[in-house]
Amino acid sequence: MIRFEPCLIVKRLVVRRRSAVAYDEAFHIGVNVVRGDNSSGKSTILNFIFFGLGGDLSKDDWSEHALKCDYVWLEVEFNGRPAVLRREIDVNSQSSMEIFGGRYEAAQNAPIEEWSKFPYSRSKNKESFSQAIFRLLDMPDVAVEGTSSITIHQILRLLYADQLSPIESLFRFE
């Protein structure tokens, strides 16, 4: 398979509740199908991936079961380089993101010093997780209107919409 760059591949999704694993699924290159009966959690799984990559979800977007969980862990590859993204599940949705350079197995026992923590929004001395992800993808930091930058959430909203998303919400003002 030819890999084009920039390239972000989701390899594994792990959802944790305290020390227990609530969901753990590995993905393969190509199309992965998430299937199940009505109300079995398909949209919740996609919301976990969306959120884990840096998307924002409102309180109404989270299922009751999802809010019982604590963290989303995503093993990804940025242009072929492995990393783990970890975000605390929060109805505020603007939680920070921690990034570990390596695979999920190594990240589970890695000391805190081996993780980098990035806030939701950039500041004068700290890049946001969106900027960190774009940097890991070897993409330039693109500023729009003054000092703001394009965010990973804005990119993801163009790529992801569940069956209940009205089209107007994809292009809401931010």
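In this predicted model, glutamate 105 forms a salt bridge with arginine 12, and the closest N and O atoms of the two are 2.7 Å apart. The partners come from distant parts of the chain: glutamate 105 belongs to helix 2 (residues 104-108), arginine 12 belongs to strand 1 (residues 8-17), and 93 residues separate them. Their surroundings are not alike in exposure. Glutamate 105 has a relative accessibility of 47% and so counts as partly exposed, since that class lies between the cut-offs of 20% and 50%. Arginine 12, at 16% relative accessibility, counts as buried, because buried means under 20%. The pair also has company, as Arg12, Asp24 and Glu105 are linked in a network of salt bridges.

It helps to recall the chemistry behind such pairs. Side chains of opposite charge can pair when their charged atoms come close. A search of the whole structure finds 7 salt bridges, and two further examples are described here.

One of them joins arginine 81 and aspartate 138, whose side chains meet at 3.8 Å, N to O. Arginine 81 is located in strand 4 (residues 81-88), while aspartate 138 sits in the loop between helix 3 and strand 7 (143-144), so this salt bridge ties together parts that are 57 residues apart in sequence. With a relative accessibility of 37%, arginine 81 counts as partly exposed. Aspartate 138 reaches 53% and therefore counts as exposed, because the exposed class begins over 50%.

Strand 4 also takes part in the other example. Here the side chains of glutamate 98 and arginine 86 meet in a salt bridge, with an N to O distance of 2.8 Å. Glutamate 98 is in strand 5 (residues 97-100) and arginine 86 is in strand 4, with their positions 12 residues apart in the chain. Both glutamate 98 and arginine 86 are buried.

Away from these charged pairs, serine 128 offers a view of a loop residue. Serine 128 is found between strand 6 (115-118) and helix 3 (129-136), in the loop that joins them. Although a loop might be pictured at the surface, serine 128 has a relative accessible area of 5% and is therefore buried. Which residues does serine 128 contact, leaving aside its neighbours within four places in sequence? The contacts of serine 128 are Phe118, Pro119, Tyr120, Ser121 and Arg122.

Conventions:
Residues numbered from 1 in each chain as written. Predicted model: local features only at pLDDT ≥ 70, side-chain atom pairs only at ≥ 80, totals over all residues. Heavy atoms only, no water. Helix = DSSP H or I, 4+ residues; strand = E, 2+ residues; numbered from the N terminus. Buried < 20%, exposed > 50% of the residue type's maximum accessible area, 1.4 Å probe, protein only. Contact = heavy atoms within 4.5 Å. Salt bridge = Lys/Arg side-chain N within 4 Å of Asp/Glu carboxyl O.
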